Amino acid sequence: MTPGQHDRPAPGPDQPATGESVGAAFARVVVPGALYGLDLATHVVALLLGAHTLATVTQALLMPLLAAVLLGASTRPLARITRWALAALALSWLGDVLPSTVRGDADDLRFLLMVGPFLLAQTTYVTAFWPDRRRVRPLTVAGYAVALAVLVGVCAPHAGTMLVPVLVYGAMLTAMAVLSTGLGRLAGLGGAVFFVSDGLIALGRFAGHPAGTAGSVAVMATYGVGQALLVAGVLHRAGDMWAAPRSKHLPRPSGAVPGATASGGVPGATASGGVAERGGEL
């Protein structure tokens with residue numbers, strides 16, 4: 001063992017592993033990120049053209065591609081927050097695809113098959129972000145509480161038997177968005193955009209606006225951007241976690257920034273009656 005070998009810093013999320021070619025690092029991170037963006041664009045076009053089969057297929061591909069970005073850009077062994085984020089993406093994928101397996105006029109069942117997995121996904125994100133809760137500002141909590149109260153006030157009179165699931169999901173969604181701000185600006189923005197996406201779903205289903213193709217595009221574009229920003233925030237936070245032990249030996253190379261930013265959009269579908277929802281054509 002050569003002198004100083006123990007002092008060599010482990011590769012961060014933004015740095016190729018020792019001995020890895022630039023091309024391999026490119027393939028790990030940039031390629032799935034580009035495919036994610038391409039899939040979003042294709043999905044949006046499919047929604048606009050009413051190509052339901054293509055929309056369903058592109059929807060099913062988005063979360064796996066985003067998970068590939070997260071895995072490709074992450075340091076090994078995976079940080080705790082990264083593992084929980086991967087689980088949240090897997091649950092989100094279930095929420096995207098399960099409703100499309102239901103045939104006929106079973107709108108309530110489709111809605112529950114979407115809300116159920118996404119409720120678990122939000123719970124998983126909350127678990128991932130919980131250790132950074134002390135970084136959340138009280139004003140952020142107050143702002144989201146007001147936003148949730150307004151959303152519930154508009155939707156509750158029309159929710160009927162769906163009121164309890166909507167309230168439970170709304171509370172968990174809000175908790176995720178609030179806690180995401182503890183990771184930094186990227187994740188905080190991702191949580192906010194995700195909150196807007198699900199808020200649009202609730203307004204579309206229970207208040208009738210937004211509706212139709214425009215509503216579907218708005219819901220799913222914000223969903224995809226929100227998820228991508230959350231992944232970027234997770235990568236940045238995981239990079240900060242790895243930086244602390246490394247700094248005891250050697251300073252981070254000049255210009256190195258922990259984490260990687262993923263961007264792109266995500267799938268969507270149109271609910272019967274023109275209501276915008278995720279999880280396949282309703």
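Analyst: A salt bridge here is a side-chain nitrogen of Lys or Arg within 4 Å of a carboxyl oxygen of Asp or Glu. The model is predicted, and it holds 4 salt bridges.

User: What makes Arg237 and Asp132 a salt bridge?

Analyst: Their closest N and O atoms are 2.9 Å apart. The cut-off is 4 Å, so the pair qualifies. Arg237 belongs to helix H8 (residues 212–247), while Asp132 sits in the loop between H4 and helix H5 (138–159), so the bridge ties together parts that are 105 residues apart in sequence.

User: How do you know that Arg135 also pairs with Asp132?

Analyst: The closest N and O atoms of Arg135 and Asp132 are 3.7 Å apart, and that value is still within 4 Å, so this pair counts too. Asp132, Arg135 and Arg237 are thus linked in a network of salt bridges.

User: Are the members of this network, Asp132 and Arg135, buried or exposed?

Analyst: Asp132 has 5% relative accessibility. Buried means under 20%, so Asp132 is buried. Arg237 is buried as well. Arg135 has a relative accessible area of 47%; this falls between 20% and 50%, so Arg135 is called partly exposed.

User: What makes Arg205 and Asp108 a salt bridge, and how far apart are their closest N and O atoms?

Analyst: Those atoms are 2.7 Å apart, which is within the 4 Å limit, so the pair is a salt bridge. This pair links distant parts of the chain, with Arg205 in helix H7 (residues 185–206) and Asp108 in helix H4 (residues 107–129), 97 residues apart. Asp108 is partly exposed, because its 40% relative accessibility lies between 20% and 50%.

User: How do you know that the charged end of Arg205 sits over the ring of Phe111?

Analyst: The charged end of Arg205 is 4.3 Å from the centre of the Phe111 ring. The distance limit is 6 Å, so that part of the test is met. The test also asks for a position within 35 degrees of the ring normal, and the pair is listed as sitting over the ring.

User: How many aromatic pairs are there?

Analyst: With ring centres required to lie within 6.5 Å, the count comes to 5 aromatic pairs.

User: Why is the pair of Phe118 and Tyr223 called edge-to-face?

Analyst: Their ring centres are 5.6 Å apart and their planes stand at 80°. Planes over 60 degrees apart count as edge-to-face, so the name follows. Phe118 lies in helix H4 and Tyr223 in helix H8, 105 residues apart, so this is a pair between distant parts of the chain. Both Phe118 and Tyr223 are buried. Together with Phe194 they form one aromatic cluster.

User: And why is the pair of Tyr125 and Phe129 called stacked?

Analyst: The ring centres of Tyr125 and Phe129 are 5.5 Å apart, with planes at 25°. That angle is under 30 degrees, so the pair is stacked. Both residues lie in helix H4, 4 residues apart, about one turn of the helix. Tyr125 and Phe129 are both buried.

User: What do Tyr125 and Phe129 do in the largest nonpolar core?

Analyst: That core has 52 residues, and Tyr125 and Phe129 touch the most other members. Helices H2 (52–72), H3 (80–97), H4, H5, H6 (163–180), H7 and H8 each supply at least two residues. H8 gives the most, with 9 residues. Beyond four places in sequence, Phe129 contacts Ile81, Met176, Leu179, Ser180, Leu183, Leu230 and Val234. Another core lies apart from the largest one; its 6 residues include Leu40, Val44, Ala55 and Val217.

User: Why is Leu203 called partly exposed?

Analyst: Leu203 has 24% relative accessibility. Buried would need under 20% and exposed over 50%, so Leu203 falls in between. Leu203 is in helix H7. Outside its neighbours within four places in sequence, Leu203 contacts Leu151, Val154, Cys155, Gly208, His209 and Pro210.

User: What elements run along the chain as a whole?

Analyst: From the N terminus on, the order is α-α-α-α-α-α-α-α-β-β, that is, 8 helices and 2 strands. Buried residues make up 46% of the 282 residues. Among contacts with a separation of 6 or more, 78% join residues 24 or more positions apart. The chain exposes about 12700 Å², and carbon and sulfur atoms supply 70% of that area.

How values were computed. Residues numbered from 1 in each chain as written. Heavy atoms only, no water. Buried < 20%, exposed > 50% of the residue type's maximum accessible area, 1.4 Å probe, protein only. Contact = heavy atoms within 4.5 Å. Core = buried A, V, L, I, M, F, W, Y, C linked by side-chain atoms within 4.5 Å. Phe/Tyr/Trp six-rings, centres within 6.5 Å; stacked < 30°, edge-to-face > 60°. Areas by Shrake-Rupley, 256 points an atom, 1.4 Å probe, with all protein chains shown as cover.
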